[in-house]
Amino acid sequence: MTDAELIARAVVGSERHAFAELVRRHQSSVRACLRRLTAGDHGLADDLAQETFVLAWKHLGSFRQDARFSTWLYRIATNCWLAHNRKRKEALLGDADSEVADGEASDEIPGSGATSDHARGSALKLDMERAMGCLSEAERAAIVQCYHNDLSHEEAAYVLGCPVGTVKTHVHRAKQKLKAALAAWAD
Amino acid sequence: MNTDPARTDAPDDWLERALAADAIEHRAVHVDDAGFAARVMGALPAPAPLTRWQRPIRWTLAGVAGAAIAAAVPGFAADVAREVFRAIAAQPVSLASVAIVLAAVGAATLGAAAFVLDRD
């Protein structure tokens, strides 16, 4: 049964079983996306993912199928994450230092002759995660949607609720920052 | 978009490769459900119950609809009942067959009730 058929059942017949199947199908990608956005905070990512699906259930009738269901879910998930960050910032107002992430990549240069490819890959992954921390919310979201979720710029613009040109700008700026933070990895 | 061949020609080729490799690894990871879907379903808002004024209206409408159908086809219900009775009366009736019919009706009722409760 396709997503569209399950959505129709969930909307018209209020069939929770149909929606449960949609949750099972998409939970992995939504939770993985939120884990990226929350910089690996699995607990927070799962809380936001749950909020995402509850909101999806409430607003399923307004889903016009003008995008893939997964893209629509990414949009809700990203909005949940941004709303959570706004609330957190309000709570931490005045404590500016707590919001600044340590974006500096490791000064060590892995991948020396004795280092295996696997170890090099793991080290790059760690540095990449740390470097993602120095991006702004919009830049991080743009990178996650365009690279990790493999969306086109148009789809990413739909998810982020901004023009395509803005997405491209965010991606470009993010890559400039990543390039600087990961300069040690340049060949 | 990670597979765009034009990207590999860019001077920051190494960054594209790193991002692409990270993205491929990200998509390969499957997050185990581990009860997540059940938690989501438990967190969904309960279906809105019928309000006090909706219930009598629903019963009244059902009654009106039934009466309208009966009035629209006079004699139809009586004809159906007569034919059903005639068909049953023509069958040889034994205690065992009555018991089987009762058991079948009971099982069907229980099955229907379980299905409806499960759906709600």
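1. The axis of a helix is a line fitted to its C-alpha atoms over the stretch in contact, and the angle between two axes is taken between their N-to-C directions, from 0 to 180 degrees. In this predicted model, helix H2 (residues 16-37) and helix H3 (residues 42-58) of chain A pack at an angle of about 140 degrees, and their axes lie 9 Å apart.

2. Angles over 145 degrees count as roughly antiparallel and those from 65 to 115 as roughly perpendicular. H2(A) and H3(A) are therefore classed as oblique to each other. The crossing in which H2(A) passes H3(A) is right-handed.

3. Which residues of H2(A) meet H3(A)? They are A:Phe19, A:Val23, A:Gln27, A:Val30, A:Arg31, A:Leu34 and A:Arg35. On the side of H3(A), the partners are A:His42, A:Ala45, A:Asp46, A:Leu48, A:Ala49, A:Thr52, A:Phe53 and A:Trp57. Sorted by class, the residues of this contact are nine nonpolar, three polar and three charged.

4. The largest nonpolar core comprises 53 residues. Those with the most contacts inside this core are A:Cys33, A:Leu34, A:Ala77, A:Ala142, A:Ile143 and A:Leu182. Helix H2 of chain A contributes the largest share of the core, namely eight residues. A:Leu34 thus appears in two settings: among the residues with the most contacts in the core, and in the contact of H2(A) with H3(A). As a general matter, nonpolar side chains in soluble globular proteins tend to be buried together.

5. A:Ile143 deserves a separate remark. Apart from neighbours within four places in sequence, A:Ile143 is in contact with A:Leu135, A:Val171 and A:Ala174.

6. Helix H7 (residues 153-160) of chain A has buried residues at A:Glu155, A:Ala156, A:Tyr158, A:Val159 and A:Leu160. Against which helices do the buried residues of H7(A) pack? Their partners are helix H4 (69-91), helix H6 (137-148) and helix H8 (164-181) of chain A. A:Gly161 follows H7(A) and has a positive phi, near 65 degrees.

7. Chain B contains five helices and zero strands, so that, by the definition of these elements, its order from the N terminus is α-α-α-α-α. Of its 120 residues, 7% count as buried.

8. The two chains meet where 23 residues of chain B are in contact with 30 residues of chain A. On the side of chain B that touches chain A, helix H1 (13-28) and helix H2 (36-43) of chain B each supply at least two residues. The largest share of that side, eight residues, comes from H1(B). By class, this side of chain B has 15 nonpolar, three polar and five charged residues.

Note on methods. Residues are numbered from 1 along each chain as its sequence is written. Chains are lettered from A and ligands numbered from 1 in the order in which they are written. This is a predicted model: local features need pLDDT of at least 70, side-chain atom pairs count only at pLDDT 80 or more; totals for chains, interfaces and linings use all residues. A nonpolar core is a set of buried Ala, Val, Leu, Ile, Met, Phe, Trp, Tyr and Cys residues joined through C-beta atoms within 7 Å. A residue is buried if 20 or more other C-beta atoms lie within 10 Å of its own, exposed if 12 or fewer, and partly exposed in between; C-beta atoms are placed from the backbone. Helices (H or I, at least four residues) and strands (E, at least two) are DSSP runs, numbered from the N terminus. Two residues are in contact if their C-beta atoms, placed from the backbone, lie within 7 Å. Ala, Val, Leu, Ile, Met, Phe, Trp, Tyr, Cys and Pro count as nonpolar, Asp, Glu, Lys and Arg as charged, and the others, Gly among them, as polar. Angles under 35 degrees count as roughly parallel, over 145 as roughly antiparallel, 65 to 115 as roughly perpendicular and the rest as oblique. A crossing is left-handed if the near helix is turned anticlockwise from the far one by less than a right angle, and right-handed if clockwise.
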